[in-house]
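Here are my notes for someone opening this structure for the first time. Have a look at it, then read the points in order.

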Protein chains: 2
Amino acid sequence: MSDCSTCVVRNRAICASLEPDELQVLSKLGRKRKIKRGETLLWEGDPAPVVANIIDGVLKLSMNLHDGREQIVSVMYASDFVGRPFGKESPYRVSAMTDAEVCVFTRSSFDSFAKEHPDLQNKLLHRSLDELDRAREWMTLLGKKSATERIATLLIELSDRLSVDGCSPTSRYLDRFELPMDRQQIADILGLTIETVSRQFTRIRKQGIIDLPDRRTVIINERSLLKAVAGVA
Amino acid sequence: MSDCSTCVVRNRAICASLEPDELQVLSKLGRKRKIKRGETLLWEGDPAPVVANIIDGVLKLSMNLHDGREQIVSVMYASDFVGRPFGKESPYRVSAMTDAEVCVFTRSSFDSFAKEHPDLQNKLLHRSLDELDRAREWMTLLGKKSATERIATLLIELSDRLSVDGCSPTSRYLDRFELPMDRQQIADILGLTIETVSRQFTRIRKQGIIDLPDRRTVIINERSLLKAVAGVA
DNA sequence: AAGCGTCTTTGATCAAGATCAAAGCATATT
DNA sequence: AATATGCTTTGATCTTGATCAAAGACGCTT
């Protein structure tokens, strides 16, 4: 990879914990790679995997039951870190929901670099703890929330996560954004079927809470109502 | 705390990463505490919390929606680490499912100790990554599995986790064990109601796959069948 | 602009699990 | 031993979301 110092996620990715000279070393290990929408970066059970920083685009982590049922267990955005360092193999599949660009390291080279850099490990620890909190929040959604609550919660979450642009958070929440996934993927995130997702969208649209000018665009008209529907106190 | 070197979880808890002299320092910071079943060690949103190693017993982490619905997001056993280091506050409630004993640290003292000990942080990172994998596995259960599959999966998991006794794993799986939780808690782990849990127990009992000599005891008669029901390939 | 393929919405029906209600059981109490 | 108390199981019914099926809408290609 040519130059980390000009990387758009330089200050948000785990690399932010590194000094310029350390970054130089890391940059020798990584290489940029473009991924097309739908393409898989990492297969579950893959024995020779990689880890990566997301530079641009949206990726999903998914687990698949043997009979084909798929659950999306995480949606990852620019500056997020994907892959399973220190592990035998990745327990989940990592694929692109949109065209994306990532900064890839072989796991062995990343692992040994990390071993020498406690700051990097510290950053990774913080991220893992945050991821864990998010995963558990989502468990609550999957275990206890109704279909309408799930949809509303996802929209609130997306309007939050998609709003961070570049290094500084712009408007805290977006009232208009493009869905980075199709209806089937929304269903696989929320533990619902595509028909139920569609019906719930129609429902809150008819209530005037949101608009859906086309398949991918969401406009939030009544954020407070949407939050109420999401079950946020 | 008097003596870490005789602690029953000494070699399995995160403390295992420490040298004897470091352990001496840590032992000054922690203190042992007994918790009764049902008692809460840590409330969500608690501003002055603690972290702890579990010495004995079973604890649960739970998240509560404002209207009272509760989802149990993790079940933790001896040698597991609970609490949210480096965080502002704990996002979940930690309480005892059985009488338990824990080794407690104030978060501030633990955090500053951890800052000086990369090995400890490394151990914590490994644990967090493992926890994350388990949380995501459970998301798949909550999002995609049927009631029967959920019950079977839980029984397999319990027969595995409860079998580790002392420092060495004894028989890899237990075919007879005591449930550390009641039916309502099982429901809150699996995203079901207590009635559905009861009916599914009855169902696989009538099929001869398990026996339930009393409320708390489970005997697995046909492990391979149980695994098949759990949806394990 | 017409035609094709894919994704999404809508409709009709079904089923798994939730809810409401009551009866069993086991342990603790007097 | 008799009785209260708190789980747990079982039964009857209802609801939410799944499934099956078809029609629309949108983007792409020619």
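1. Let's begin with one salt bridge across the two chains: B:R136 pairs with A:E131, and the closest N and O atoms sit 2.7 Å apart. Keep in mind that this is a predicted model. The pair has company, as the count between chain A and chain B is 10 salt bridges. Polar contacts add to the picture, with 22 residue pairs across the interface of chain A and chain B, both residues at pLDDT 80 or more.

2. Which elements of chain A give two or more residues to the side that touches chain B? They are β4 (59-64), β5 (70-76), α3 (118-144) and α5 (183-190). Among these, α3(A) supplies the largest share, 21 residues. Sorted by class, the residues on that side of chain A come out as 21 nonpolar, 12 polar and 12 charged.

3. Now for the extent of this interface. The size of an interface is often given as the accessible area lost when the parts come together. Here the area buried between chain A and chain B is about 4,000 Å², and carbon and sulfur atoms give 61% of that. On the chain A side, A:R136, A:M139 and A:K144 lose the most area to chain B, together 19% of what that side buries. In residues, the contact takes 45 from chain A and 45 from chain B.

4. While you are in helix α3 of chain A, stop at A:R127, which has its place there. A polar atom of the A:R127 side chain lies 3.1 Å from the backbone oxygen of A:S79. Leaving out residues up to four places away in sequence, A:R127 touches A:R12, A:A13, A:I14, A:S79, A:D80 and A:F81.

5. Over to chain B, and how its helices pack. The axes of α4 (residues 147-161) and α5 (residues 183-190) of chain B come within 11 Å and cross at roughly 110°. Angles of 65 to 115 degrees count as roughly perpendicular, so α4(B) is roughly perpendicular to α5(B). B:R150, B:I151 and B:L154 make the contact from α4(B), while B:I186, B:I189 and B:L190 make it from α5(B). The class split is 5 nonpolar, no polar and 1 charged.

6. α5(B) also meets helix α6 (residues 194-206) of chain B, their axes coming within 8 Å and crossing at roughly 100°. This pair is therefore roughly perpendicular too. From α5(B), the residues in contact are B:R183, B:Q184, B:I186 and B:A187, and from α6(B) they are B:I194, B:V197 and B:F201. By class, that contact has 5 nonpolar, 1 polar and 1 charged residues. Notice that B:I186 turns up here as well as in the contact with α4(B).

7. Last, back to salt bridges, this time over all chains: how many are there? The count comes to 32. One inside chain B joins the side chains of B:E101 and B:K34, at 3.6 Å from N to O. That pair links distant parts of the chain, with B:E101 in strand β8 (residues 100-106) and B:K34 in strand β1 (residues 31-35), 67 residues apart.

Conventions. Residues numbered from 1 in each chain as written. Chains lettered and ligands numbered in written order. Predicted model: local features only at pLDDT ≥ 70, side-chain atom pairs only at ≥ 80, totals over all residues. Heavy atoms only, no water. Contact = heavy atoms within 4.5 Å. Buried area = accessible area lost by both parts, 1.4 Å probe. Salt bridge = Lys/Arg side-chain N within 4 Å of Asp/Glu carboxyl O. Polar contact = N/O pair within 3.5 Å; in protein donor to acceptor, adjacent residues only side chain to side chain. Helix = DSSP H or I, 4+ residues; strand = E, 2+ residues; numbered from the N terminus. Nonpolar A, V, L, I, M, F, W, Y, C, P; charged D, E, K, R; others polar. Axes fitted to C-alpha atoms, helices over the stretch in contact; angles between N-to-C directions. Parallel < 35°, antiparallel > 145°, perpendicular 65-115°, else oblique.
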